[in-house]
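Visitor: I have some labels to query. Can we start from the chain itself?
Guide: Here it is.

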Amino acid sequence: GVSTEAMSMMNLTAYRPVIINALLLEIVTGNALIVRSEDSTGIHRVLYSTWDYCVRRDIKGNPVEVVYRDIRRYGDMSEKEAEGIHRSVADEDEKFTQYTLYELKNGKWHWEQSIEKAVIGSGSWTIEDNPLTVLAWSLARGDNYGRGLVEAESTAFHNIDILTEARNDMI
């Protein structure tokens, strides 16, 4: 009905800033990761740059392993997640790094989340339901990471810089 269409449009509108920022990362670095999650408040998409994720691809360029990291606040963790985490101070705002590993094995994506070596979650996804979108602008055969326009045109940028310096020296 109409309400379903309206909700779909709202979700797409919320997705727009993530897509725009992903395109900017693609142009500059050639790489971006979008992770989709869903909870009681709706569908969320988080964008990661290569500062916060790494990927291993097969020879055809398909991702076979992805690791990304998040910063988690202790006060936002469930009791199950907080088990096994060594805390230096009793502070709800203490922050921890959470790592999530996805591996493609036997036609399924298997995932595991951990904080400080304590596994806080695991499971698997079918290939179709995989929440990861690993983007690469220009990917050479056998490479794990793409090249963006800035890297591809770095020689031209360097030449412009040299010409500008030469022109400034003449003035």
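Guide: Start with Asp143 and Arg147, whose closest N and O atoms are 2.8 Å apart in a salt bridge. Bear in mind that the model is predicted.

Visitor: Why is the contact of Asp143 with Arg147 called a salt bridge?
Guide: The label needs a Lys or Arg side-chain nitrogen within 4 Å of a carboxyl oxygen of Asp or Glu. Asp143 and Arg147 come to 2.8 Å. That is within 4 Å, so the label holds.

Visitor: Is Arg147 buried, exposed or partly exposed?
Guide: Arg147 has a relative accessible area of 35%. Buried means under 20% and exposed means over 50%. The value lies in between, so Arg147 is partly exposed. Asp143, at 22%, is partly exposed by the same rule.

Visitor: How many salt bridges does the whole structure hold?
Guide: The search finds 5. Another one of them joins Glu103 and Lys105, at 3.6 Å from N to O. This value is also within 4 Å, so the pair counts. Glu103 is partly exposed at 23%, and Lys105 is partly exposed at 43%.

Visitor: What makes the salt bridge of Arg69 with Asp52 a link between distant parts of the chain?
Guide: Arg69 sits in strand S4, and Asp52 in the loop between S2 and S3. They are 17 residues apart along the chain. Their closest N and O atoms are 2.8 Å apart. Arg69 has a relative accessible area of 33% and Asp52 one of 29%. Both values fall between 20% and 50%, so both residues are partly exposed.

Visitor: Turn to the rings. Why is the pair of Tyr74 and Phe96 called tilted?
Guide: The ring centres are 6.2 Å apart, with 55° between the planes. A pair needs centres within 6.5 Å; under 30 degrees is stacked, over 60 is edge-to-face, and the rest is tilted. An angle of 55° falls in the rest, so the pair is tilted. Tyr74 lies in the loop between strand S4 and helix H2, Phe96 in strand S5, 22 residues apart.

Visitor: How do you know that Tyr74 and Phe96 are buried?
Guide: Tyr74 has a relative accessible area of 16%, and Phe96 has 5%. Both are under 20%, so both are buried.

Visitor: What makes the pair of Tyr102 and Trp109 edge-to-face?
Guide: Their planes stand at 65°, with the centres 6.4 Å apart. The angle is over 60 and the distance within 6.5 Å, so the pair is edge-to-face. Tyr102 and Trp109 are both buried. Ring pairs link them with Tyr48 and Tyr68 into a cluster. In total, 4 aromatic pairs are counted.

Visitor: Now the strands. Why do S3 and S4 count as paired?
Guide: Pairing takes at least two bridges. S3 and S4 have 5, so they pair, in the antiparallel sense. Tyr53 has Tyr68 in S4 as its bridge partner. The hairpin of S3 and S4 has 5 residues between the strands, and Gly61 in the turn has a positive phi of about 95°.

Visitor: How many bridges join S1 to S2?
Guide: There are 7, and the two strands run antiparallel. One partner of S1 residue Arg36 in S2 is Arg45. A hairpin of 2 residues joins S1 to S2.

Visitor: What makes S2 and S8 edge strands?
Guide: The open sheet has the order S2-S1-S8. S2 and S8 each pair on one side only. The twist averages 20° from one strand to the next.

Terms used:
Residues numbered from 1 in each chain as written. Predicted model: local features only at pLDDT ≥ 70, side-chain atom pairs only at ≥ 80, totals over all residues. Heavy atoms only, no water. Helix = DSSP H or I, 4+ residues; strand = E, 2+ residues; numbered from the N terminus. Axes fitted to C-alpha atoms, helices over the stretch in contact; angles between N-to-C directions. Phe/Tyr/Trp six-rings, centres within 6.5 Å; stacked < 30°, edge-to-face > 60°. Buried < 20%, exposed > 50% of the residue type's maximum accessible area, 1.4 Å probe, protein only.
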